[in-house]
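Colleague: Before we rely on the labels attached to this model, I should like to hear the reasoning behind some of them.
Modeller: Then let us look at it together and set each value against its cut-off.

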Amino acid sequence: MGKGRSRTSNDNSNYHADRDTELLDDRPQPVGIYGWRKRCLYGFILLLVILTVLNLALLVWMLRVLNFNWDGIKNVKFTEDGMRTEGQVEFLDSLYTENIQSLQSTALKIDSSRGVHIRARNEDNNITNHFVIANKTVSSRCELFEIKNSKGQTKLSVSNNGVKFGNMDVTFTGSSKVNFTGSIATPNVRGPVSEPLRVEAISTQLRVVGDEGVYVTAPAGKILIKSANQLSLIANKNMYLQAKDYYIKKPRVSSPQSGTPYTGTVYELCICESGRLFLSQPNSDCKATDTICQ
């Protein structure tokens, strides 16, 4: 009898324990983050919101400052052909472009505090032309440099062959010589201060013509006129030669075929009907031999 009561009481206690467990399992259990984890999550979300607002504010400020629009940025507009600017544009680095053209009825201005360098390259990316506008100089490195007028006519051409001035057929070869293949009209031809002036025609004749006269002077030097064949000085009215002394080198001397040869140093200056000058013995009345005037 005692054992049966003890067994019955144990069964009752086990039954109540199981019943309490079932009641606990039926109650709703809390789901989520609580405590310091929840506070960290809310703080992180608040930080993201602040950063997002700051980014939006900076974006709006940049749009306002740069004046973004549907066509471009402020005075810069992007078109199908390229980029169009209205006003001044400043480039902080190199500019690579195919064409730069100003707006209608406005001038194109390029300003730089350290000079302007314009380069042209070939297909191998080698520099073929280099144009530099510096503070005090303008230089260009190329094979051919030309200056043309509004009609496309070349007024100045510079190449390895020399400098050519338009259609005048004047070429400066760079060897202190200027070659003229045609005539030249100028009021004055002057040589350098410390070097002589030399005017020559190698294979043709040289003519110097002045409607109101030709004046040749050398204040500090001498004048040498040299011809391989013939030298002609022609004046319609008068010709003046002014000098302290006159020298005629190696003129013809008319000597008599008979008698004692003349050995003196003084002669008479005579002239033939053709204009040829010759020397004769003194007091001979300019007697000439048969061939002296031929």
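Modeller: I would begin with the link of C270 and C286, which is left-handed, with -85 degrees about the S-S bond; please keep in mind throughout that this is a predicted model.

Colleague: What makes C270 and C286 a disulfide?
Modeller: The sulfur atoms of C270 and C286 are 2.0 Å apart, and since a disulfide needs two cysteine sulfur atoms within 2.5 Å, the pair qualifies as one. C270 lies in strand 13 and C286 in the segment after strand 14 (277–280), so the bond ties together parts that are 16 residues apart in sequence.

Colleague: Why is C270 called buried, and why is C286 called partly exposed?
Modeller: C270 has a relative accessibility of 3%, and because buried means under 20%, that label follows for C270. C286, with a relative accessible area of 33%, falls between the 20% and 50% limits and is therefore partly exposed.

Colleague: How do you know that C272 and C293 form a disulfide?
Modeller: By the same cut-off of 2.5 Å, because their sulfur atoms are 1.9 Å apart. This link is left-handed, with -75 degrees about the S-S bond, and it joins distant parts of the chain, C272 being in the loop between strand 13 and strand 14 and C293 in the segment after strand 14, 21 residues apart. C272 is buried at 9% relative accessible area, whereas C293 is partly exposed at 33%. The count comes to two disulfides, and with the bonded cysteines numbered in sequence order the pairing is 1-3, 2-4.

Colleague: What makes K148 and E146 a salt bridge?
Modeller: Their closest N and O atoms are 3.6 Å apart, and as the rule asks for a side-chain nitrogen of Lys or Arg within 4 Å of a carboxyl oxygen of Asp or Glu, the pair meets it. The count by this rule is one salt bridge. K148, at 48% relative accessibility, is partly exposed, and E146 is partly exposed as well, at 36%.

Colleague: Why is T265 called exposed?
Modeller: The relative accessible area of T265 is 75%, and because exposed means over 50%, the label holds for T265. T265 is found in the loop between strand 12 (252–254) and strand 13 (268–271).

Notes. Residues numbered from 1 in each chain as written. Predicted model: local features only at pLDDT ≥ 70, side-chain atom pairs only at ≥ 80, totals over all residues. Heavy atoms only, no water. Buried < 20%, exposed > 50% of the residue type's maximum accessible area, 1.4 Å probe, protein only. Helix = DSSP H or I, 4+ residues; strand = E, 2+ residues; numbered from the N terminus.
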